[in-house]
Amino acid sequence: MRLDHAALRALLPHRYPMLLLDRVEDVEPGESLTGVKAVSGCEPCYRGIAEDQPADRYAYPASLLIESFGQGAAVLWLLSRRSGTAGLPMFTAARDVVLLHPVHPGDVVHHRVRLDQVVDGAAFASGSSWVGERRVAEFDSMMAVVRPVDAVAEPRD
Amino acid sequence: MSERDQHLEQLREIVAEVLEMEPEEVADTADFVEEYEADSLRAIEILARIEKRYKVEIPQAELNEMRSLKAVHEVVARYAGWQD
């Protein structure tokens, strides 16, 4: 199963500038997912950087890469749940994340996510991120819990 | 080392990792919440890691019991069929 951007927006509550997943290439609910994030020089994280900075100044921030992987894990979990189960996944912990190579504007990152366990309203995922044939990050354990939609929704007037 | 001690040391390592402590700092009977400032998320993480490691299913109702290393050992032994 493939999910385009519109389908991701229907699943995830995240919006600009924190929706960090562009597409899902393949998902097997309950098992695994491959998500895509294209990094561009237009990203807000590159705004306001002074001129004449070295190339490494444009390395994609680790926090955003981890969040992007986490959003892939969230989609996988949401599609794996029994129908009628309410609540949104909230990212709570990452353990043993290893960043192997920096990601730069122009790179297309593929997150390969596995759903390891679902325990008492908490889900655990692991996997790795790739740019082409190069593994750029490993994720040993990413944890999320379910919280009621009301608890995280923006108040409306 | 007896089987019981081995299990206890393995569980101590799991608890220490989740609570971000050294294994030798985790006492047998210390209350995770009161003495190590653990919250309910850490408790779920400990439960999940134990289930994965020992391929055992522990009902979530037992979470309330699992407040110290000794209590965790007792619960896990019951569901994993350890003769400790």
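**Close-ups of where chain A meets chain B**

**View 1. Polar links across the boundary.** Let's start with the handshakes: chain A and chain B share five residue pairs in polar contact, with both partners at pLDDT 80 or more. Keep in mind that this is a predicted model. On the chain A side, strand S3 (88–99), strand S4 (108–119), strand S5 (122–131) and strand S6 (134–147) each bring at least two residues to the part that touches chain B. Sorted by class, that touching side of chain A holds six nonpolar, three polar and five charged residues.

**View 2. Salt bridges between the chains.** How many salt bridges are there between chain A and chain B? The count is three. For one of them, look for Arg95(A) and Glu45(B), which pair up in a salt bridge. Their closest N and O atoms sit 2.5 Å apart.

**View 3. The contact area as a whole.** Here 14 residues of chain A are in contact with 14 residues of chain B. Between them, the two chains bury about 1,200 Å², and carbon and sulfur atoms give 52% of that area. Which residues of chain A lose the most area to chain B? They're Arg95(A), Gln117(A) and Asp120(A), which together make up 50% of what the chain A side buries. So Arg95(A) turns up again here, having already appeared in the salt bridge with Glu45(B).

**View 4. The annotated stretch of chain B.** Residues 2–80 of chain B carry the feature "domain: Carrier" in UniProt, from an unreviewed entry. In the model, this span is 62% helix and 0% strand. The C-alpha atoms at its two ends lie 17 Å apart.

Methods
Residues are numbered from 1 along each chain as its sequence is written. Chains are lettered from A and ligands numbered from 1 in the order in which they are written. This is a predicted model: local features need pLDDT of at least 70, side-chain atom pairs count only at pLDDT 80 or more; totals for chains, interfaces and linings use all residues. Side-chain values use heavy atoms; hydrogens and water are left out. UniProt positions are given in the numbering used here, feature names are shortened, and annotations may be inferred rather than shown by experiment. Helices (H or I, at least four residues) and strands (E, at least two) are DSSP runs, numbered from the N terminus. Contact means heavy atoms within 4.5 Å. Buried area is the accessible area (1.4 Å probe) that two parts lose on being put together, summed over both. A salt bridge is a side-chain nitrogen of Lys or Arg within 4 Å of a carboxyl oxygen of Asp or Glu. A polar contact is a pair of N or O atoms within 3.5 Å; within protein, one must be able to donate a hydrogen and the other to accept it, and residues adjacent in sequence count only if both atoms are side-chain atoms. Ala, Val, Leu, Ile, Met, Phe, Trp, Tyr, Cys and Pro count as nonpolar, Asp, Glu, Lys and Arg as charged, and the others, Gly among them, as polar.
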